[in-house]
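Student: I would like to go through this model and ask what the words used for it rest on.
Tutor: Then we will set values against definitions.

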Amino acid sequence: VYDLGQMIWSHGRISSKILTAARIGAVRQQVAVVPAGLPAKAPKGQRARAVRPLCAAEPARKPVSASAASSPVAPVEEEEASAVDYEALAQELVGASPLEIMDRALDMFGSEIAIAFSGAEDVALIEYAKLTGRPFSVFSLDTGRLNPETYELFDKVEKHYGIHIEYMFPEASEVQDLVRSKGLFSFYEDGHQECCRVRKVRPLRRALKGLKAWITGQRKDQSPGTRASIPVVQVDPSFEGLHGGAGSLIKWNPVANVDGKDIWTFLRTMDVPVNTLHAQGYVSIGCEPCTRPVLPGQHEREGRWWWEDATAKECGLHKGNIDREDQAPKVGVNGNGSAEARAPDIFQSQAIVNLTRPGIENLLRLENRAEPWLTVLYAPWCPYCQAMEASYVELAEKLSGSGIKVAKFRADGEQKPFAQAELQLQSFPTILLFPGRTVKPIKYPSEKRDVQSLLAFVNSLR
Ligand code: SF4
């Protein structure tokens, strides 16, 4: 029996709060009761197995009696589940603590819910689940590209909690086809979506087909662009559950309203094993080639897929977070009134030529290209473009009269497909040098966008 000291996590801080007598009884009883399939004490050298396999979709279970449904481990009746208004439930739980939300989720779905564990600070979810005293399941996506430190954490977590994590692997033939046709690092060239689809999204879909609900560690503060409005519980907008079809899967986000720093206070207070990469500056942790540490003050998502647009850094696991406007800001002829469309233009200098679509098409065809042209493909709402504005303007003024033209081309909105197809655009800003005599523009390969670095690039190719 765990003596929790009646500590409840509440609004990002640990507060002492007396649980009701009935609730304490339930917690204690359930911690003492060993879940089906889990030995009371695992024999030495043999891991306990607290979860069932997730990948095989199971036949529908028989409805259970009302008394059984009140048991912490019993799944809720079919009729009851379908009758739940999850928007109303999300409203009801908006001020609830993660522990209370976790408890509600496990209570409602019993053995048909599982925690998705990424190997980062979402280990907090496992701690909360343990604190409820209810049996719980955990699965993780092993993409084959994780850091060694993440695998070490998986092992530590299994031992610390006496659980078995169900690992979901990609289909070997799909990985083989991808690597054979595009190489091991195609995501740097083509964007991360294809690789994530093979290594993450499809294995996740298989896992979820065996469940009625899942629990994620998404937080609003992780990504202002894509996670700002996630509720604590919702009908999953993207994936299907055990019975298939829209609305067949419920998604719980117990820490949606918690700040990252409060998660860390909790992890330290409860002495939870954490990924050692965090001590090296990593905040958000994914696959090794697609994750890097961030500097103090940088947003954690800047450490993920840093070569791509800042507005849509989702791997597909939570693509329901991205609304259409996030995916493709509409700008240009008609506009749509969005914040992106209204963003004031940047790179405004007499030394910078504002290229139209026919203008840049002429450059592509070598027409009107007596001299080299340095051109930035940009979007005025992009923070990385805004950050390089001063140095690009200074560079343009330095190069004025040097025989090198400096230009800009707004490449978001309706111009984006063209820029992606013809101008090597993967993320904003993309800087191209159109040399005087060769047809193909040369893409600036570095993220250093200071005047000296850009001048070195131009001078080495002029
Ligand atoms: Fe592939 Fe990177 Fe996505 Fe991992 S995060 S699945 S390596 S693209």
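Student: Where is Leu425 found?
Tutor: Leu425 is found in the loop between α16 and β12. These elements are DSSP runs, numbered from the N terminus: helices are H or I with at least four residues, strands E with at least two. The model is predicted, so local features need pLDDT of at least 70 and side-chain atom pairs count only at pLDDT 80 or more, whereas totals for chains, interfaces and linings use all residues. Residues are numbered from 1 along each chain as its sequence is written, and side-chain values use heavy atoms, with hydrogens and water left out.

Student: Why does Leu425 count as buried?
Tutor: Its relative accessibility is 4%. Buried means under 20% relative accessible area, exposed over 50%, and partly exposed in between (1.4 Å probe, protein chains only). At 4%, Leu425 therefore meets the condition for buried.

Student: Which residues is Leu425 in contact with, leaving aside its neighbours within four places in sequence?
Tutor: Leu377, Ala411, Lys416, Ala419, Gln420 and Thr430. Contact means heavy atoms within 4.5 Å. The C-alpha atoms of Leu425 and Tyr378 are separated by 9.5 Å, with their places 47 residues apart along the chain.

Student: What is the peptide bond from Phe428 to Pro429, cis or trans?
Tutor: It is cis, with omega near -10°. Pro429 also belongs to the loop between α16 (416-422) and β12 (430-434). Most residues other than glycine have a negative phi, and most peptide bonds are trans.

Student: What is the phi of Asp271, and where does this residue lie?
Tutor: Its phi is near 55°, a positive value in a residue other than glycine. Asp271 lies in the loop between α11 and α12 (324-327), just after α11.

Student: How do you know whether Asp271 is buried or exposed?
Tutor: Its relative accessible area is 61%, so by the cut-offs Asp271 is exposed.

Student: What about Phe347: which sign does its phi have, and is the residue buried or exposed?
Tutor: Phi of Phe347 is positive, near 60°, and this residue too is other than glycine. Its relative accessible area is 0%, so Phe347 is buried. Its place is in the loop between α13 (339-342) and β9 (353-354).

Student: Why is Met270 called partly exposed?
Tutor: Its relative accessible area is 25%. That value falls between the two cut-offs, so the middle term applies. Met270 lies in the loop between α11 and α12. Neighbours within four places in sequence aside, Met270 is in contact with Glu127 and Leu131. The C-alpha atoms of Met270 and Ala124 are 9.3 Å apart, although 146 residues separate them along the chain.

Student: What makes helix α6 largely enclosed by the rest of the structure?
Tutor: Ten of the ten residues of α6 (residues 123-132) are buried, so the term fits. Among them are Glu127 and Leu131. Just after α6, Gly133 takes a positive phi of about 80°.

Student: How do you know that the span of helix α5 agrees with what is expected?
Tutor: The expected span of a helix is 1.5 Å times one less than its number of residues. For the twelve residues of α5 (residues 98-109) this gives 16 Å, and the end C-alpha atoms are 16 Å apart, so the two agree. Nine of the twelve residues are buried, so α5 is largely enclosed by the rest of the structure. Gly110 follows α5, and its phi is positive, near 50°.

Student: What surrounds the ligand?
Tutor: The surrounding residues include Arg145, Phe187, His192, Cys195, Cys196 and Trp305. A residue is near a molecule or strand if one of its heavy atoms lies within 4 Å of it. Helix α10 (residues 193-208) gives the most to this shell, with four residues.

Student: How much of the protein counts as buried?
Tutor: Of its 462 residues, 51%. The protein has 17 helices and 13 strands. Among contacts between residues at least 6 apart in sequence, 70% join residues at least 24 apart.
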